[in-house]
Amino acid sequence: MNKKTIYIIVAILVVIIVAVAAAALLMNNSETSDTPTPTPEPVSITDGDSLKFTATDNTNEITYACAVKDLNANDEIVRIDADMSGTVYSYILNLDDSTSYMSTDAGATWKKSNFTEDSVYIVMVHDFVTELQDNWDGTSATYSYTADGIEYVISNINVNPTFEDSFFATS
């Protein structure tokens, strides 16, 4: 190899090193920009017509997926899917006509149930909603509290989600 070839190889390596260093410098500068991360606007449960969240009972190891359509209205519909160690029991309760449906296969099939007995789930969901209304800051990803010796963590809080009609269908 002659000197000319060595100089060409060294020059190419220098250009590559400089290009890589410049790219790294540009990437680091964009990550450390002086532009602050915007603070999310707090969301209020009371502003919602519908609500969806997950409530985990850490004491009894039960996870409740809760959904409410027409929150606090006369025609409110509540769906709750209770996951108890992998077995999911689902309920849909309609306040407008006082009907209740139950599923023991995570909502694949439904059968008419007893609204009076099942209304305990409406009370439970509204207890969660009241806790969120009174104490959740409107921005945190989770909210934890203890009631009657049971530790709850509420997460996946979504105010005014869009529900497909099939989500509350029982047939």
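Is phenylalanine 128 buried or exposed? Let's start there, and I'll say right away that this is a predicted model. Phenylalanine 128 has a relative accessibility of 2%, so it counts as buried, the cut-off being under 20%.

Okay, so what is around it? Let me give you the sheet first. We have an open sheet of 8 strands, paired antiparallel, and the order reads S6-S5-S4-S3-S2-S1-S8-S7. The edges are strand S6, residues 111-112, and strand S7, residues 142-147, and each of those pairs on one side only.

Now put helix H2 on that. H2 covers residues 115-135 and lies across S1, S2, S3, S4, S5, S7 and S8. Relative to S4, the helix runs at about 90 degrees.

That brings us to the core. The largest nonpolar core has 31 residues, and the ones with the most contacts inside it are Ile45, Phe53, Tyr64 and Phe128. S1, S2, S3, S4, H2, S7 and S8 each put in at least two residues. H2 gives the largest share, 8 residues. Apart from that core there's another one, of 6 residues, including Ile77, Trp110, Phe163 and Phe168.

Let's go back to the aromatics. How many aromatic pairs does a search of the whole structure find? It finds 9. Take tyrosine 64 with phenylalanine 128: the ring centres are 6.3 Å apart and the planes sit at 45 degrees, so we call that pair tilted. What I like here is the sequence separation. Tyrosine 64 is in strand S2 and phenylalanine 128 is in helix H2, 64 residues apart, so to speak, distant parts of the chain linked by one pair.

Tyrosine 64 is buried too, at 8% relative accessibility. Leaving out neighbours within four places in sequence, tyrosine 64 contacts Phe53, Thr54, Ala55, Asp57, Ile80, Asp81, Ala82, Met124 and Phe128.

Then there's tyrosine 143 with tyrosine 145. That aromatic pair is stacked, with 5.7 Å centre to centre and 25 degrees between the planes. Both count as buried: tyrosine 143 at 14% relative accessibility, and tyrosine 145 at 13%. And if you colour Phe53, Tyr64, Phe128, Tyr143, Tyr145 and Tyr152 together, you're looking at one aromatic cluster.

Next, a walk through the strand pairings. S1 and S2 run antiparallel and are joined by 8 bridges, with serine 50 partnered by lysine 69 in S2. Those two strands make a hairpin with 4 residues between them, and glutamate 61 there takes a positive phi near 55 degrees. On the other side, S1 pairs antiparallel with S8 over 6 bridges, and leucine 51 stands opposite valine 159. S1 is mostly covered, with 6 of its 8 residues buried.

S2 also pairs with S3, again antiparallel, over 8 bridges. There, alanine 65 stands opposite aspartate 81.

Moving along, S4 and S5 pair antiparallel over 5 bridges. They form a hairpin with 4 residues between the strands, and serine 98 in the turn has a positive phi of about 50 degrees. S5 is mostly covered as well: 4 of its 5 residues are buried. S5 and S6 then pair over 2 bridges, antiparallel, with tyrosine 101 partnered by lysine 112.

One residue to click on in S4 is asparagine 94. Is asparagine 94 buried or exposed? Buried, at 19% relative accessibility, and the cut-off is under 20%. Asparagine 94 stands opposite threonine 99 in S5. Beyond four places in sequence, asparagine 94 touches Asp75, Glu76, Ile77, Thr99 and Phe115.

Two loop residues for the backbone fans. Serine 85, in the loop between S3 and S4, isn't a glycine but has a positive phi of about 55 degrees. Serine 85 counts as exposed, at 68% relative accessibility. Alanine 106 sits in the loop between S5 and S6, also not a glycine, with a positive phi of about 60 degrees. Alanine 106 is partly exposed, at 43%.

Last stop: phenylalanine 167. The charged end of lysine 52 sits over that ring, 5.2 Å from its centre. Arginine 79 lies over the face of phenylalanine 167 too, at 4.6 Å from the ring centre.

That's my tour, thanks.

Note on methods: Residues numbered from 1 in each chain as written. Predicted model: local features only at pLDDT ≥ 70, side-chain atom pairs only at ≥ 80, totals over all residues. Heavy atoms only, no water. Pairing = 2+ DSSP bridges. Contact = heavy atoms within 4.5 Å. Axes fitted to C-alpha atoms, helices over the stretch in contact; angles between N-to-C directions. Buried < 20%, exposed > 50% of the residue type's maximum accessible area, 1.4 Å probe, protein only. Core = buried A, V, L, I, M, F, W, Y, C linked by side-chain atoms within 4.5 Å. Phe/Tyr/Trp six-rings, centres within 6.5 Å; stacked < 30°, edge-to-face > 60°. Lys NZ or Arg CZ within 6 Å of the ring centre and 35° of its normal.
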